[in-house]
Amino acid sequence: MGVVCCCLCKPHSYNAGLSSSFYEPNSEKARLLGQHPTIDTKAYLLMEEAIARPGEKRARAPSAPPDQLTKHHRTHDIKIVQPQSNSTMAPVPCPGPGPGPGPGLGPDPNPHSEPTPMVSESADLIEIKLNELEAKIFTLIKNMLADNKMKTVVRVAGGWVRDKCLAKDSDDIDIAVDDMNGEQFAQCVADYLAEKGGKSTKVAVIKANPDQSKHLATATFTVFGTSIDCNNLRTEIYHNDSRIPVCTMGTPLEDAERRDFTINSLYYNINTNKVEDLTNKGLKDLNNGIIRTPLPPLKTFVDDPLRVLRAVRFGARFRFKLDPLLIEAAKEARIRADLGSKVTRERFGIELNKVVGGVGSPAGAFQNLILFNLHDVVFKEPPNMTRDPEIKHILPDPGKKLASVGIECMTNLQNFLRKHPVSKDMRMVSLYGAFLSPYHGYQTVFKKKKMGAIRWILRESIKTADQAIAQKADRLVCAAYGLSMLADEAKMHPNSDTNLTKMHHNSDTKLSKMDKMNTSTQGSMDGQALSLRMGELLMDIKHEYPVAFHLAYALRNRQNHPNEQNHSKDINHTPKTVVSGPLPGSAYIGDPWVGGLLDWLVQSSGLIGCWAWKPLVPAKDVMAMVGVKGGAVGEMMRRQVSKRLSQPAISVESMQRFIKDSFQSDPPKFKSKSSKSKSSKAHKSKANKSKAKQSKGGSEQKTGKKGQKKKRN
């Protein structure tokens, strides 16, 4: 029999038709569905009961104790599908897009989010497919309960159940028990495993850490190589001045209602093989693609304002709509104040790093923050922010430009990264940089040193765990603006024979010849100057230059929009769809200068990989050639790098001549190490003498006081 998963792929509409292609072609179900292509869901359920196959039985376990579940609480039978090596049909993920983005999720024509299959709200259509390891773990737990005659009800809670209902793999097994704490249950499992000859496991307790959203100590143990967290069902009581609750033992319903969203409030009851939807909303919202809170959203957010960021994250990850009541609650002034006062900056960074580093639409998530008017709370501007006088192109009111410039640049870059994936760290760096690009050219003073505003916001406002991300994001934005200016000065069309694309920068190329090749379409920059400036940019951004090029294109494309004010008002504005990709330069439609610069760089500049070049003339040879030591050698090595960047094809002999000529015409002015050491020794000797005098004077004063005392006595 083919496996019909809980995410049985039916169209989004409740009464839309069910495709017969999901069943065996010769089955009775396929025949009936083929005769009735628009059969509605209710009729299908009746049909399902009528044509049940011989020998097919569904597990009907006894219900939970009445003191834990009331009649109106919905429980859903699960047909446990054990792993089969020769299975003829796997769970079918829903083809095409999911429910689609909700309000403020941002323009994302081809979202790289997790595919969201449709989830049935009917008990007869829900099945969870356990893999071999999960079946082994759950069987062990049930055997332990039976052998020890334990009445404990064991449930898997939260994300594992949600992901399984969506036919996704998950290794995040969180267990909740009803009659003991997590540490006690974990120890029972460990002891039982040892009795049966299994590999012994130690039970560890993770202390409560509110900054990590762990409000209660959690037991963790390992079974068959899988780490499992365990806790008891609980209820939480919050006080007005804190997001840290007081936790007590609770009922299953209380435990479900305390959770952040209905899609995370589902349980898988190991005892009864059932999915439990105690809020009566979880499966429905999972099916309809809605982020909703079990309790009124204002109460949920007041209890823990961090849940606003979690709503943004889950909405972007699954491309789910946000419940209208949730949106209104998130806009409340009280939530804005509590988010800034109750939640630590480190928690901001943890949640946002999951947004920009994961799947989905980060631009949509950030657009929701703007919709909620929370972006300036999360991305707080540095104090005493000033403009950098050395940077010309600076946007006024950068915080207000996040809704237009930041979101659109982030969306364009997001589409580019979908086609040209980079490492997770680089994805975070580039998306953060794109969103905060309006702050380019602004700076502040941090620990008595100047620091760019972008770097400060990522470092201090959201406190990213990896400080290198903040520094790299600032550099990437600077490089993108540098490439934009360089493209304007060089003015090279993509694949043009009249520019520098066929020029080789070697020591024998005369500058006059290069000047002749600079036609009127290229601007005033000569080839060596262009190569040097491009090389300096590459030394900073290295192999991530394609991302910097596309960010430069996104910035220039955004700056050319005439109706910027209208975009800033319209939070749901859909930006242009751009043709993205590092090659060829002609892909940058509407901006030939950026495309021409990229073509020249890749095809003939000779600069690709310059960040990994080794010196043509080693430092010891430089010392022997010109007879210098110390800092002077470093200066000559820097000149060598600049020369090679301006002429990538220069030979070793030409570089040696350059070093000699450069040293003779402009010798570096550095003090030798010997003179420095002499001056430092002299300074130390003077300091020691002064200390000796002070100590001698102090001893004389002491002896004088002692003599006076003796005379008095």
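## Overall make-up

Of the chain's 713 residues, 51% count as buried. The model is predicted. Its secondary structure comes to 27 helices and 15 strands.

The accessible surface is about 34300 Å². Carbon and sulfur atoms hold 52% of that area. Contacts reach far along the sequence: among those with a separation of 6 or more, 72% join residues 24 or more positions apart.

## Strand β3 and its partners

Strand β3 covers residues 173-177. Four of its five residues are buried, so the strand is largely enclosed by the rest of the structure.

β3 pairs with two strands named here. Strand β2, residues 154-157, runs antiparallel to β3, with four bridges between them. Strand β6, residues 226-232, pairs with β3 in the parallel sense over five bridges. Ala176 of β3 takes part on both sides. Arg155 stands opposite Ala176, and Ala176 also stands opposite Asn231 in β6.

## Nonpolar cores

In soluble globular proteins, nonpolar side chains tend to be buried together. Here the largest nonpolar core has 137 residues. Phe185, Tyr268, Phe366, Phe379, Met534 and Leu597 have the most contacts inside this core. Helix α18, residues 467-490, gives the most to the core, with 12 residues. A second, separate core has 12 residues, including Val617, Val628, Ile659 and Phe663.

Phe185 links back to the strands described above. Leaving aside residues up to four places away in sequence, Phe185 touches Ile141, Met144, Thr152, Val154, Ile175, Val177, Met180 and Cys230. Val154 falls within the residue range of β2. Ile175 and Val177 fall within that of β3. Cys230 falls within that of β6.

## Cysteines

How many disulfides does the count come to? The count comes to zero. A disulfide is a covalent bond between the sulfur atoms of two cysteines. The cut-off used is 2.5 Å between cysteine sulfur atoms.

Cys188 shows how a cysteine misses that cut-off. The closest cysteine sulfur to that of Cys188 is in Cys230, 9.6 Å away, which is too far for a bond.

Is Cys409 buried or exposed? Cys409 is buried, because its relative accessible area is 0%. Cys188, by contrast, counts as partly exposed, because its relative accessibility is 26%.

Technical notes: Residues numbered from 1 in each chain as written. Predicted model: local features only at pLDDT ≥ 70, side-chain atom pairs only at ≥ 80, totals over all residues. Heavy atoms only, no water. Buried < 20%, exposed > 50% of the residue type's maximum accessible area, 1.4 Å probe, protein only. Contact = heavy atoms within 4.5 Å. Areas by Shrake-Rupley, 256 points an atom, 1.4 Å probe, with all protein chains shown as cover. Pairing = 2+ DSSP bridges. Core = buried A, V, L, I, M, F, W, Y, C linked by side-chain atoms within 4.5 Å.
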